[in-house]
Amino acid sequence: MENGQCCFYCHGVLALNVCGSLTGDVGQTQNNYAEALWKSIMFFEGQRSGKLPSSQRMAWRKNSALQDGQYIEVDLVGGYYDAGDNLKFGFPMAYTTTILSWSIIEFGMDMGPEIFHAMAAVRWGTDYLLKATSEPNKVYVGVGDPLADHNCWQRPEDMDTARTVYVIDSQNPGSEVAAETAAALVAAASIVFRESDPVYADVLFNALAAASIVFEFADTYQGSYNTSLGGAVCPFYCDWSGYEDELIWGAAWIYRASNSTWHWEYVARNILWLESSKGAGVGEFGWDDKHAGIYVLLYKDFLKSQNQHLVPYHKKAQDFVCTVLPESPTKSVNYSHGGLLFKPGGSNMQNPTALSFLLVVFAQYINENNQIVTCNNGVIAPPSRLIELAKSQVDYILGDNPLQMSYMVGYGDKFPQRIHHRASSLPSMDVHPEKITCKGGTPFYLSSQPNPNLLVGAIVGGPDEDDQYLDLRSMFTQSEPTTYINAPMVGLLAYFHAKA
C-alpha cells in the first residue's frame, strides 16, 4: 500500500418468520454472484510471490522474488504482495489469511467448486507464514524496502530493489503481528483444512505448540512493531489501535481451534483491554483493529459463558451493529448519497467489505438464537436487516451505484481500467521478455492507456464520498487493490450466491 509522503509514484441457515427472513429479497438482483465469487478468489493468484504452481490461472504473472531471505539464510519465498507494489507485509498478510479462512469456515458450503480455489488461496498464505515462524521467539514480518520499492514502477518478475528482511524478536517485539500470525496459522487455517486435508491440517495444528509459543512470545514480550521497526512499517501499516486487540484476537482463534481452556481464560482475564486500548471501539474491524471481529467471533461463547464477567460482552456485538446501521442514533460511519459506507482514511472499500462480512456472520448467529438487535431510541433490526445492509454494500461494489460501474476488475461492462498496480500496468513477460528497470516503467505509469493485464477480481479502493471515481493510477487511494479488501468479499459473495 502506498503513502503519498514517501512515494514517487503516488502523486498528489433457514429464516425465522418472526424476526425476518435471512434471505429476504436477496434473490432479487441482477448481479451474478457466482461469477463475482470466482473472480474475487482469482485475484489472489495475481498477488502471489514466489514460484508459481502449474495450476496458476492468471497466466501473465510469472515467478518472482525467488531469493527472498537468502541473504540471511532463511527461506522466505512465497506469500502475497499486499497491494499494487512488490512488498510483503506480514501484518496485513496474516489478517488476509485469517479472514479468508473465516470466510470458508462460515460460508464454505456455499462456495461450490470454488471452495478448492479458496482453500488454495489460504494455503498460499499459510505456507509462507509457516516459514516466517520457523524459529522460536522470532517472526519474519516483512520483505522488501518500502521506500525503494515505492520509488520504482517495476514488474515483480524484474524487481531489483533491496529485499530487506524485517524481523521481530524478544529485543524488538511486535505483539500485534505475532498474535495475528498465530490466529492465521494455527487457528483459522487449521480449522479450514481439518476435514478436507487432514495431513496439512496436522501440519498446521501440530504447529499448535509452535504457534502457542508464537502467541506466548507476543504476550511475554509485549510491544508494538511500530517502535521496533519504525519506517519499515510506518506509515504503511502502522498499528494505530494498539496491539492488545490482536492478543485477544489471537487467543480467541486458538481457543476456537483447540477449545483450549487456557486461551479462553486469557480472553476472560484481559477482555478489558479492548475498552482501554487506543482503538476506536466496537465499530472497528480491519487489518489494524479487531474490536468488532472479536465481539462477533466470540458472541455465542459470551452468551453461554458461566463467567458472569463475560456475559455482558455479548451485547458488544449488537453495539457494533448499531454503529453501522444507517437508522441507528449511535451510527459512527457515513454513507454516500449512493449508499456506500465510509470511514475516514484511504482505500475505503476495506471498510464496507469487512464490516458487511461481520454483519452477515452475526445475522446468522442471532438467527440461530431467535434474537434481534436493539439500538437506542427504539431502533430494532432483525437478522434480515443486517443482511439487507450487507447486500447493499456488495451490490454497490458490483455496479449498483450512481456511476453504474463495477469496482471489481473484470466484472461487468464497466470497471476500473487504470488500477494502481505495477504488474497489471506493465507489459507481461510474455509480451515484453526484456527487463524493465526501476525507472523504465515510468512511461507506463504515466500512460493514459488501460492496463494491459487484467487483474481479474481485484477490488479497488473505490469512489470518494460523493460517489465519484477518477480512473487514474496516480489516485492510489481510489485505484489500488489490496488483499484485505478482497478477503471478506469472498465470504460475502459465497453467501449471496447461495441465497440468490
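What follows is a short chat about this predicted model.

Biologist: What's the average pLDDT of the protein?

Modeller: This is a predicted model, and the protein averages a pLDDT of 91. At least 70 is the score of 92% of the residues.

Biologist: Where does pLDDT stay under 50?

Modeller: One stretch is residues 3–21, with pLDDT under 50 throughout. The model still has 53 contacts beyond four places in sequence for that stretch. Residues 23–28 also stay under 50, and there the model has 11 such contacts.

Biologist: OK, switching to the sheet. How many strands, and in what order?

Modeller: The open sheet has 3 strands in the order 1-2-3, and the pairing is antiparallel.

Biologist: Which strands stand at the edges?

Modeller: Strand 1 (88–89) and strand 3 (165–169) do. Each has a single partner strand, so one side of each is left without a neighbour in the sheet.

Biologist: And how many bridges between strand 2 and strand 3?

Modeller: Strand 2, residues 138–143, pairs with strand 3 over 5 bridges, in the antiparallel sense. As an example, Gly142 has Tyr166 in strand 3 as its bridge partner.

Biologist: New topic: how many residues are in the largest nonpolar core?

Modeller: That core has 158 residues, and Trp102, Phe285 and Phe362 have the most contacts inside it. Helix 5 (residues 175–196) contributes the largest share, 14 residues.

Biologist: What is Phe285 in contact with, leaving aside neighbours within four places in sequence?

Modeller: Its contacts include Trp102, Tyr95, Ile99 and Trp249. Also among them are Lys290, Ala292 and Gly293, plus Ala354, Leu355 and Leu358.

Conventions: Residues are numbered from 1 along each chain as its sequence is written. This is a predicted model: local features need pLDDT of at least 70, side-chain atom pairs count only at pLDDT 80 or more; totals for chains, interfaces and linings use all residues. Side-chain values use heavy atoms; hydrogens and water are left out. Two strands pair if DSSP finds at least two bridges between them. Helices (H or I, at least four residues) and strands (E, at least two) are DSSP runs, numbered from the N terminus. pLDDT is the predictor's confidence in each residue, from 0 to 100. Contact means heavy atoms within 4.5 Å. A nonpolar core is a set of buried Ala, Val, Leu, Ile, Met, Phe, Trp, Tyr and Cys residues joined through side-chain atoms within 4.5 Å. Buried means under 20% relative accessible area, exposed over 50%, partly exposed in between (1.4 Å probe, protein chains only).
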